Amino acid sequence: MIQLHDKFFKPFISEKEIQQAVKRIADAVALDYKDQTPIFVGVLNGSFMFVADFLKAYQYPCEVSFVKLSSYHGLTSTGIVETLLDLPDNIGGRSVIILEDIIDTGRTLKELVHLFSNTNVKEFKIASLFYKSEVYNGEYAIDYFGLKIPDRFIVGYGLDYNELGRNLKEVYQLNQKHMINLVLFGKPGAGKGTQAEFLKEKYNLKHISTGDLFRYNMKNNTELGQLAKSYINKGDLVPDEVTIKMLQDDVEKNPDASGFIFDGFPRTTAQAKALDTFLTTKGMKIDATIALEANDEILIQRLLERGKVSGRADDQDEDKIRNRFDEYNQKTAPLKDFYEEQGKFHSVNGIGAIDEITMRLGKVIEEL
Ligand code: AMP
């Protein structure tokens, strides 16, 4: 296993298999073109290794050139293909063979075909080392390919993940664990923290409580703690920028997690949107938001009881507790609609024995 930026990759295609595939393509192309002088056009950046090895395997007269296009950012094809380095201008009347490292959705290929359709080449063919036949839109024939591969994110042998990994001799695939990411939703005292402790064990998830993170920072008197304190002790929400940044840092500290339980976050629409955007950049998403429902009078009793042992200033005073409920009603409750629109909102009765409630939550999770 290797790590590139925040992700882990495991071996997928060996150097030997790659070299055999390159040779197969070179032999097939040679059969068709060895009596001409074709121009091989590599598509940068990803194809540089393939082009080099291909040319070593293709020992007949030929020329070589490059174009540069780009459509990937992070793990997904953005759909925007830019031409960064244009076609050579001596290609009129010639046979051109495009050398691609990988054919994926076909968007880059469409742009290439478009580039060549404005020229008077004799003919042009497409040779790709890797070919994701399951996702390719099939618009154009792939004349030569080395290996068909399933729709996995791969790096190595010229291919990158945010520019890292191009120099690997073999190809690696993203080590994609099946993640479950949950938001535990509900008013203060609803039992989110208590239930998260059980769920994290049961489903092997990392529990992130923004309230706990703030309290940890307050206890250690960090800059963040000092900043948060004045808000927390009144029962107000801490400003979004501060909270979002803190949450993102904590997710990034756990690149190996098989999923997260977000407890006490998001609490505003801005936080929920920021969370979605942030997770998308990591190839992750929220699978479900589960609300623990209980009425205010029960919650106030629970919080006052907890305040006697927790020492939390915001648990010991009924006015502060009511202020936290007001904050919740105004700023957090609208998130129910936000997640309902995404089809992710689930509601669970939060009153009863702790293990009964864990079972209710488990039922929702297992049906995901
Ligand atoms: P909790 O332990 O979740 O009840 O959080 C305690 C306090 O920490 C809240 O009353 C807020 O002042 C602050 N806090 C926790 N999470 C957030 C959040 N997502 N956004 C803003 N403030 C938060």
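**Group meeting: two domains and a four-stranded sheet**

Okay, let's start with a strand pair: β9 and β10, the latter covering residues 171–174, run antiparallel and are joined by two bridges. Before I go on, keep in mind that what you're looking at is a predicted model. If you want to find that pairing on screen, go to V155, which stands opposite Y172 in β10.

Now zoom out a bit. Those strands belong to an open sheet of four, ordered β1-β2-β10-β9, and the pairing is antiparallel. Which strands sit at the edges? That would be β1, at 2–4, and β9, at 154–155, each of which pairs on one side only.

Right, on to the domains. The domain assignment splits the protein into domain 1, residues 2–174, and domain 2, residues 182–367. Taking C-alpha atoms, the centres of domain 1 and domain 2 are 47 Å apart.

So what do they share? In terms of contacts, five residues of domain 1 meet four residues of domain 2. People often quote interface size as the accessible area lost when the parts come together. Here, domain 1 and domain 2 bury about 340 Å² between them, with 47% of that coming from carbon and sulfur atoms. On the domain 1 side, the residues touching domain 2 are two nonpolar, one polar and two charged.

And how many salt bridges cross that interface? The rule finds zero between domain 1 and domain 2. For polar contacts, the count between the two domains is one residue pair, with both residues at pLDDT 80 or more.

That's my bit, thanks.

Notes:
Residues numbered from 1 in each chain as written. Predicted model: local features only at pLDDT ≥ 70, side-chain atom pairs only at ≥ 80, totals over all residues. Heavy atoms only, no water. Domains from an automatic or database assignment. Contact = heavy atoms within 4.5 Å. Buried area = accessible area lost by both parts, 1.4 Å probe. Salt bridge = Lys/Arg side-chain N within 4 Å of Asp/Glu carboxyl O. Polar contact = N/O pair within 3.5 Å; in protein donor to acceptor, adjacent residues only side chain to side chain. Nonpolar A, V, L, I, M, F, W, Y, C, P; charged D, E, K, R; others polar. Pairing = 2+ DSSP bridges.
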